[in-house]
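Colleague: I have the model open in front of me and would like to go through its empty spaces and its packing with you. Shall we start with the pocket and work inwards?

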Amino acid sequence: MATSFAALLYRSTDVSDEALAHGVGVATAGYDVPAPHLIVADLAGVPGFSVAFYRSGAKKLGEIDELEHAIDLFEDDLSPALAVRDAAAAEGRTHAVVYAIVYGEEIFVDDAFRFAEDGWARRFVRDGDDGLEAGRASPDDDETTAIAAAAEPGSPEEARAIAPHRGSTWLAAELGRPVLPALVAALFQAERRVAARLVDPSPAGVDRETRRLVATLRRVPGRGAQDLALVVGVAPPEPLRACARAYDWADPTDPSDLYRELSLGAIEGTLHFLRPAETAARGADPAFAIAAAGGLYPVATVGGGALGGARARGATVAIAPDGATLTLVDERGRSRPAGPTLGELIGYLALGWKDRDDVEEDLIQALMLRARLRSDAG
């Protein structure tokens, strides 16, 4: 059986699970993959290092299709390794170094990357249009050359000819240890799963995003907060309760509390978070009762704005019992995916109303891409 994998390598003390989840979430946001994630293990023989193997979560992809997807993803301008390093740096670990390797035997590729504070580098051997080719790249160097066919394909002579150019050879020199055998062993030992995500969907994560939004708007966290009541017998999920406790509901400088000109998945136009009286009114609406029968709870309204958004005009943004998934409910009680999760919507608002650095710009673009993919899938 041919071996293939795509993986990140990093010092365990430099890269948190949150950085892994966030970085891979940003890198895969524009890819139509259902559940991107990493399977993590210690890298035996390389002290202090861990390895995280990438999986798209697409059950219909065969091994070759999965490898082709990984090749495209890992050589993207915003690759998982770069995005994870950026996420680690944002946590204060600016010294973090993240390596990556894409390795395949059936489609021959041995491609390694290094991302660090002082720049990036790449070494590879792969099947090209005219046979095997070797390459090296960095901000100051970009060279790809054909490897002369001086030996039979698959022969020991060919293996010796390409060995100095392999990404795994260069990676072994970087880490001071043989890497490929350790990676192959870890591939069958890795068990711990880290799911890709743009925003932590837990109550604690939503609380952080809400407080970040309130701070961006220069408001007071928790001002005017009230407990959320049942709506048609449906209880608000805990992440929404966390948002309600941390949000500023009574800013005297902005009593209408409108977020205009949004474009996030199917949420287009002007958004307004529902107050208790408005939430109760949704509960009395027979049309929304249809959605409530499926466990949906009202969160906000979205209407027309400068961007139009006829599909969402007059709709209610509702949250599913999982505390993350948002749905648009129209005036007839019909539902369709909104695109973002609750945490992603709040994170988008927090980023949209501030000056963004490069990493934050990558994140807001990722939020928009992922929301569009989800809303289109519905």
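Colleague: Which helix gives the largest share of the lining of the largest pocket?

Modeller: In this predicted model, the largest share of that lining comes from helix 7, which supplies 4 residues. Helix 7 covers 203-216, and at least two lining residues each also come from helix 1 (17-27), helix 3 (80-90), helix 11 (342-352) and helix 12 (358-377).

Colleague: What volume does the largest pocket have, and which residues lie nearest its centre?

Modeller: The volume of the largest pocket is about 580 Å³, and its lining consists of 20 residues, with His 22, Ala 90, Glu 209, Arg 212 and Leu 363 lying nearest the centre.

Colleague: How do the residues of that lining divide into nonpolar, polar and charged?

Modeller: For the largest pocket the lining divides into 8 nonpolar, 3 polar and 9 charged residues.

Colleague: Let's take His 22, then; is His 22 buried or exposed?

Modeller: His 22, which lies in helix 1, has a relative accessible area of 18%, and because the cut-off for buried is under 20%, His 22 counts as buried. Leaving out residues up to four places away in sequence, His 22 touches Ala 87, Arg 197, Leu 198 and Leu 363.

Colleague: Changing topic to cavities, how many of 30 Å³ or more turn up in the whole structure?

Modeller: The search of the whole structure finds 4 cavities of 30 Å³ or more. His 22 appears again here, as one of the residues that line the second largest cavity, together with Val 26, Leu 78, Ala 83, Asp 86, Ala 87, Val 359, Asp 362 and Leu 363. Helix 1, helix 3 and helix 12 are the elements that give two or more residues to the lining of this second largest cavity, the space in the cavity comes to about 60 Å³, and its lining residues divide into 6 nonpolar, 1 polar and 2 charged.

Colleague: And what lines the largest cavity?

Modeller: The largest cavity, with about 90 Å³ of space, is lined by Leu 228, Leu 240, Cys 243, Ala 244, Tyr 247, Trp 249, Phe 273, Leu 274, Thr 279, Tyr 297, Pro 298 and Val 299. Helix 8 (238-246) and strand 12 (297-303) each supply at least two residues of that lining, and by residue type the lining of the largest cavity has 11 nonpolar, 1 polar and no charged.

Colleague: I see several rings there, so how many aromatic pairs does the count give?

Modeller: The count comes to 8 aromatic pairs. One of them joins Tyr 54 and Phe 74 edge-to-face, at 6.1 Å centre to centre and with 65° between the planes. This pair links distant parts of the chain, since Tyr 54 is in strand 3 (residues 49-55) and Phe 74 is in helix 2 (residues 63-74), 20 residues apart.

Colleague: Why do Tyr 54 and Phe 74 count as buried?

Modeller: Tyr 54 counts as buried because its relative accessibility is 3%, and Phe 74 is buried too, with a relative accessible area of 3%.

Modeller: Another edge-to-face pair is formed by Tyr 259 and Phe 273, at 5.9 Å centre to centre and 75° between the planes. Here Tyr 259 in strand 10 (residues 259-264) and Phe 273 in strand 11 (residues 267-273) are 14 residues apart, and the pair links distant parts of the chain.

Colleague: Which aromatic cluster do those two rings belong to?

Modeller: Tyr 259 and Phe 273, both buried, form one aromatic cluster with Tyr 247, Trp 249 and Trp 353.

Colleague: What about the largest nonpolar core, and how many residues does it have?

Modeller: The largest nonpolar core has 83 residues, and those with the most contacts inside it are Leu 8, Leu 20, Leu 38, Phe 74, Ile 267, Leu 271 and Phe 273. Helix 11 gives the largest share of this core, 7 residues. A second, separate core has 25 residues, including Ile 39, Leu 43, Leu 171 and Ala 182.

Colleague: Which residues is Phe 74 in contact with, leaving aside its neighbours within four places in sequence?

Modeller: With those neighbours left aside, Phe 74 is in contact with Ala 6, Ala 7, Leu 8, Tyr 54, Ser 79, Pro 80, Ala 100, Val 102 and Phe 113.

Note on methods
Residues are numbered from 1 along each chain as its sequence is written. This is a predicted model: local features need pLDDT of at least 70, side-chain atom pairs count only at pLDDT 80 or more; totals for chains, interfaces and linings use all residues. Side-chain values use heavy atoms; hydrogens and water are left out. On a 1 Å grid over the protein atoms alone, a cavity is a set of points where a 1.4 Å probe fits but cannot get out, and a pocket is an open set with protein on both sides within 12 Å along at least five of seven lines; lining residues have an atom within 4 Å of a point. Grid points are joined across faces, edges and corners, and a volume is the space filled by probe spheres set on the points. Ala, Val, Leu, Ile, Met, Phe, Trp, Tyr, Cys and Pro count as nonpolar, Asp, Glu, Lys and Arg as charged, and the others, Gly among them, as polar. Rings of Phe, Tyr and Trp (its six-membered ring) pair if their centres lie within 6.5 Å; planes under 30 degrees apart count as stacked, over 60 as edge-to-face and the rest as tilted. Buried means under 20% relative accessible area, exposed over 50%, partly exposed in between (1.4 Å probe, protein chains only). A nonpolar core is a set of buried Ala, Val, Leu, Ile, Met, Phe, Trp, Tyr and Cys residues joined through side-chain atoms within 4.5 Å. Contact means heavy atoms within 4.5 Å.
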